[in-house]
Amino acid sequence: MMDKLAKAQKNWLSKLILILTALSFMSLFGVSGYITGASRNKPVIKVDDIKISQQQFGMLFEQEQQMARSLFGDALQINDEIRNAMLQGLVQRELTNAIIERTAEKLNISISDNLVRKIIYSQAEFLDANGNFSLERLRRVLSASGWSEQRYIDALKKDIIKQQLIQNPSSNMNVPEVLLDRLAKAESQKKTFKYIVVDPAKVKIDRKITPEETEQYYEDFNTNFIEPEKRDVSFITLSIDDMAEKVVPEEADIEAYYEENIGQFETPETREILQMVFDKQEDADKAMEELKKGRDFYDVAKEVAGQDKETTDLGYVAKDLLIAEMADEVFAAQKGDVTGPAKSDLGWHIMKIADIRAGSKADKAQARKRIIETLKKERAYDEAYTIAAEIEDKIGGGATLEDIAKEMNVKIQKVKGLGEDGKYAEAPAGYENILKSTEFVDTAFSYNIDEISQVTETDDGFVIARVDRIADAHPIPMEEVKGEIEKMWEVNERSAIAQEIVNDVVHDLENGDKIDEVGRRFDLVVKTTQPLLRSGSFEGLSQTAMIELFQEDLGRPKLIPQGEEKIIAVADNIVDKGENPSDAVIDGVKRRARIDLSQDVASALVNSFGEDYDVRVKYRLIGLAD
């Protein structure tokens, strides 16, 4: 999940920057209303006089979580591991931004409003049906994103400065030929490996837990055997859907929404594009000649460009997603045509149009239902916020939950045995989504008995809650958790036995014994891999683990943790020393090395800038260990 999240995070952050870069800047058009005040919270990130307060950081982190949830939905459970990774990533990002901002001030770098305005005018998201910039469309997108105009302006200017100070100087790094040659030879080397997998789950236990061990486990892991605090809560809800049913949008509003959001009702033409990219024109010309001979596009991409099928197939893309230098030519071609070579900042491109999907446009009658539902929801939210403010005034004036329920003509619902994990003992049907929401649970555990909460927004509307009963956390008797203790003991016992086996096997291998002999000695299965490159894998090992394994001498054991399992592997034979790497391998190594060098240079630039300033991070206040 972490890898997936990291990859997705890059995607949605870059997409967010793209959208925002096309978006905010209302102040450039005379729109104001952004109010900011210095936070009185303690600073958690400080670069000289640039400070990010605890409250500001908390707001940024909440936005990160909301964006992650919008991508993954209920599939994403933000546990401690993911939370810490997101916090660390946010710290690094904001620290880098602060260092760049301080450097820009030091060097007197500024971005003109005219440049910002040109960027805004160039974005397709804010053009109307006639291709003209629409301030109204910009406002709608900005409002939907939850960004203020000033925040968007600042983000865009910072991004432009970052490009000038960091991205441009660190891009397109040259790789020395001697280094490229060594890397390519190492990349082409093939080895076979012999290995043993020690799985604790398969280890046999020849005894049972003793009463003394049971008691000791109960004491040592007492925090595992606590019945958590539970609460009984009464609540009423204001459903947005119910309010929306009572709203009747006017025809003028429906017409205006259709005209301003015509892009929502259009499906542009898309084309399935196959692409090769080359650093040198002569390589692109060579690939083009092979294609003219009738060779398969994927075969040429693999042989000449060093690209696999997944890299070559761009899938179905719209015209505005292609690089401007070649979009017109690609979308003027016929199905099956090949275009290029065409030059861009990324290299030389050859593209094939594998398929074409025609665009379509929904007429006003087809779009009408969607527009009405959207407008009804928008008006319902406006009304709900007004009602929520009135309810909070009444709560402040001493109104009870029963008073509010009677006035709103809604029924009071009750949930019993609610825990902080969102689980409960008893609850009315139809309220599952509300009761498991973080907002409801946080509200239920933020008040004392008989206190009425503020109006809390959820995905389904608004809720007001009252705590009726609190059952404090208490230890569970040992007899009730004896089965759980036995399972814990079995897991630990198997792990301990497995570790002893691993230690003995590694010891014997380091003393010079052959892995086949050691396997027979401990009754363990020894497996042999096929000849592998560094980019290959076995037993699901990561690329980092494979690179480390390739660096070991023949016969020298390498212990690799793989989840609960332990893999003990030795390089058994060098099948190919990689003395004559192919052109495709050399190009691929060069491309990756340039990316790695660029990233290293970018990191070094930020670090060098930071050395001139007083940089401090309060990890404890952020929620990370010091």
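Visitor: What is the bridge partner of Lys46 in E19?

Guide: Lys46 has Arg616 as its bridge partner in strand E19. This is a predicted model.

Visitor: What makes E1 and E19 count as paired strands?

Guide: Pairing takes at least two bridges between two strands. Three bridges join E1 to E19 (residues 615–617), and the two run antiparallel. Three satisfies the requirement of at least two, so E1 and E19 count as paired.

Visitor: How do you know that E1 pairs with E2?

Guide: The same test applies, with at least two bridges required. Between E1 and strand E2 (residues 50–53) there are four bridges, in the antiparallel sense. Four satisfies that cut-off, so E1 and E2 count as a pair. Ile45 stands opposite Ile52 in E2.

Visitor: What do E1 and E2 form, and how many residues are between them?

Guide: E1 and E2 form a hairpin with two residues between them. Asp48, in the turn, has a positive phi of about 55 degrees.

Visitor: Why is strand E1 called largely enclosed?

Guide: Strand E1 covers residues 43–47, and four of its five residues are buried, so the rest of the structure largely encloses it.

Visitor: Why does Thr312 count as buried?

Guide: Buried means under 20% relative accessible area. Thr312 has 0% relative accessibility, so it counts as buried. Thr312 belongs to helix H13 (residues 309–312). Beyond its neighbours within four places in sequence, Thr312 is in contact with residues including Phe297, Tyr298 and Ala301.

Visitor: Why does Asn409 count as exposed?

Guide: Exposed means over 50%. Asn409 is at 69% relative accessibility, so it counts as exposed. Asn409 sits in the loop between helix H16 (401–408) and strand E12 (413–418).

Visitor: What is phi of Asn409?

Guide: Phi of Asn409 is near 60 degrees, a positive value in a residue other than glycine. Most residues other than glycine have a negative phi.

Visitor: Why does Asp450 count as exposed?

Guide: The cut-off is again over 50%. Asp450 has 55% relative accessibility, and therefore counts as exposed. Asp450 is found in the loop between helix H18 (438–444) and strand E13 (456–458). Although Asp450 is not a glycine, its phi is positive, about 75 degrees.

Visitor: What is omega for the peptide bond from Gly340 to Pro341?

Guide: Omega is near 0 degrees for the bond from Gly340 to Pro341, and this peptide bond is cis. Most peptide bonds are trans. Pro341 lies in strand E9 (residues 338–344).

Definitions and conventions. Residues numbered from 1 in each chain as written. Predicted model: local features only at pLDDT ≥ 70, side-chain atom pairs only at ≥ 80, totals over all residues. Heavy atoms only, no water. Buried < 20%, exposed > 50% of the residue type's maximum accessible area, 1.4 Å probe, protein only. Contact = heavy atoms within 4.5 Å.
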